[in-house]
Amino acid sequence: ASGRTESRGEHTAEAAIIGNTLARIATEGVGEEGGRPETIAVAALYHDASEIMTGDMPTPVKYKNPELKNAYKALERESAESLAHLMPKALQPALGGYLTGDALTGEEHKLMKAADRLSALIKCLEEEAAGNREFSSAKAQQLQLLPGMDCPAADHLITHFLPSYEKNLDELTRWPEEMDRN
């Protein structure tokens, strides 16, 4: 059980910020095609909208076997399309692609998926820091899945940004000075 319940809004906002950052790291930091940072951020805001209709399925269950994964992805897609059709006709062309993910290129989708996983990893780190050991297997799972995504921007973020999530405010305010000395 979570020590502090995270709202859907918190998760989607964090995924949007991380997705935007990953696109910028990809383009400016690791020299690969990162896509459109703003498009990734907006798509991340909508990435779990289909769960309004499907509910949230825990990641270990969702990815337990290929048949279940494919069936759930099809259900998510159908739900996203249904949500898009519930919008006023004038908004459907502008927002429908964000709900379904069709607004993204393949590389942008990979960055958004990495942002979603990084957000989950950060939640695990926060829970562990609060003494909640129930998130250790979820943390291990995310740390195993992220390198397999072949996403250099996510690897860069894990190496250079993620350590700051394990620091308290005193350590964070000293941290840049300590880094300059090293």
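**Close-up A. T173 sits in helix α10, which covers residues 169-181.** This is a predicted model, so keep in mind that you are looking at computed positions. Is T173 buried or exposed? With a relative accessible area of 52%, T173 counts as exposed, because the cut-off for that label is over 50%. Now look at what the T173 side chain is doing: it reaches the backbone oxygen of D170, at 2.9 Å.

**Close-up B. R36 and E108 join their side chains in a salt bridge.** From N to O, the gap here is 2.7 Å. Where do the two partners come from? R36 belongs to the loop between α1 (8-29) and α2 (37-46), while E108 belongs to helix α7 (residues 106-129), so this pair ties together parts that lie 72 residues apart in sequence. Check the surroundings of each partner too. R36 is partly exposed, at 38% relative accessibility. E108, on the other hand, is buried, with a relative accessibility of 1%.

**Close-up C. R77 and D102 meet through their side chains in another salt bridge.** This time the N to O distance is 2.8 Å. R77 is part of helix α5 (residues 66-86) and D102 is part of the loop between α6 (92-100) and α7, so the contact ties together parts 25 residues apart in sequence. How accessible are these two? R77 has 32% relative accessibility, which makes it partly exposed. D102 is partly exposed as well, with a relative accessible area of 48%; that value falls short of the exposed label, because exposed means over 50%.

**Close-up D. Salt bridges link R77, E81 and D102 into a network.** Stay with the R77 and D102 pair from the previous view, and add E81 to the picture. Which residues make up the network? The members are R77, E81 and D102.

**Close-up E. E127 and K123 form a salt bridge within helix α7.** Their side chains come to 2.7 Å, N to O. How many residues apart are they in the helix? The answer is 4, or about one turn of the helix. E127 and K123 are both buried. Helix α7 should ring a bell, since E108 from close-up B lies there too.

**Close-up F. Zooming back out, the whole structure holds 8 salt bridges.** Among them are the R36 and E108 pair, the R77 and D102 pair, and the E127 and K123 pair.

How values were computed. Residues numbered from 1 in each chain as written. Predicted model: local features only at pLDDT ≥ 70, side-chain atom pairs only at ≥ 80, totals over all residues. Heavy atoms only, no water. Salt bridge = Lys/Arg side-chain N within 4 Å of Asp/Glu carboxyl O. Helix = DSSP H or I, 4+ residues; strand = E, 2+ residues; numbered from the N terminus. Buried < 20%, exposed > 50% of the residue type's maximum accessible area, 1.4 Å probe, protein only. Polar contact = N/O pair within 3.5 Å; in protein donor to acceptor, adjacent residues only side chain to side chain.
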